[in-house]
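Trainee: I would like to take a close look at a single part of this model, and I would be grateful for one connected account rather than scattered remarks.

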Amino acid sequence: DELHFPKLEEFESHVFLIVHGSLIPPRGPSQSLEDYIPQIRGSQLNIFLNHRVIITHRAVDMGIVRRVQHMLAQNPRLALRGPDFVAAQLIDVTVDDVLHIGNVIEERLLELEHTILERDVRDMAARLMKYRRRVHLLRRALGYQQGLCSRLATGESDFVNADETIY
């Protein structure tokens, strides 16, 4: 399934957001980055938000909603801050996941670059380009997501309480 770019659309009664997250499988202790990275999949989280309600939709479970629910269960008073606070937490978790993936891919790039310096590997350039493209796509998605967060944080949306704009 193709992902839509992160975006923010404001309607009369609600805000609709698309944010990117990832399906990050556990990495085995002896699993190489070469084998692990292709298992990571991008996914999107759709969020409908108004002053009283937040509704999320995702095609596959990324664990994002579950992690935020767990955080709220640990400290139920946080939920009283409103749906805009919960949305901010969801976005924060997606950004953390995407940054983690970027770090994993950059770690693999460093391994490949080190290998190139050690020996002549003919297919290394193609492999490097594949990883550079993944990093580029992650950065592009994060750029859109940063713009979305900026719009929410600057008080552009009537659906985000001014007290929550710092999140």
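Is Val-53 buried or exposed, or partly exposed, and what is its relative accessible area?

Mentor: Bearing in mind that this is a predicted model, Val-53 has a relative accessible area of 36%, and because buried means under 20% and exposed means over 50%, this residue counts as partly exposed. Val-53 lies in the loop that runs between strand E3 (41–49) and strand E4 (54–58), and together with Phe-48 and Ile-55 it makes a nonpolar surface patch of about 240 Å². Phe-48, a second member of that patch, is likewise partly exposed, because its relative accessible area is 33%.

From Phe-48 the picture can be carried over to Phe-16, since a search of the whole structure finds two aromatic pairs, and in the pair of Phe-16 and Phe-48 the ring centres are 4.8 Å apart while the planes meet at 40°, so the pair is tilted. This pair links distant parts of the chain, with Phe-16 in strand E2 and Phe-48 in strand E3, 32 residues apart. Phe-16, for its part, is buried, because its relative accessible area is 13%.

Phe-16 also leads to the neighbouring strand pairing, where Glu-9 stands opposite Phe-16 of E2. Strand E1 (residues 7–10) pairs with strand E2 (residues 15–23) in the antiparallel sense over four bridges, and the hairpin that joins E1 to E2 does so through four residues.

Conventions
Residues are numbered from 1 along each chain as its sequence is written. This is a predicted model: local features need pLDDT of at least 70, side-chain atom pairs count only at pLDDT 80 or more; totals for chains, interfaces and linings use all residues. Side-chain values use heavy atoms; hydrogens and water are left out. Two strands pair if DSSP finds at least two bridges between them. Helices (H or I, at least four residues) and strands (E, at least two) are DSSP runs, numbered from the N terminus. Patches are made of residues with over 30% relative accessible area and no salt bridge: like charges are joined within 9 Å, nonpolar side chains (Val, Leu, Ile, Met, Phe, Trp, Tyr) within 5 Å. Accessible areas come from the Shrake-Rupley method with a 1.4 Å probe; for residues, only the protein chains shown count as cover. A salt bridge is a side-chain nitrogen of Lys or Arg within 4 Å of a carboxyl oxygen of Asp or Glu. Buried means under 20% relative accessible area, exposed over 50%, partly exposed in between (1.4 Å probe, protein chains only). Rings of Phe, Tyr and Trp (its six-membered ring) pair if their centres lie within 6.5 Å; planes under 30 degrees apart count as stacked, over 60 as edge-to-face and the rest as tilted.
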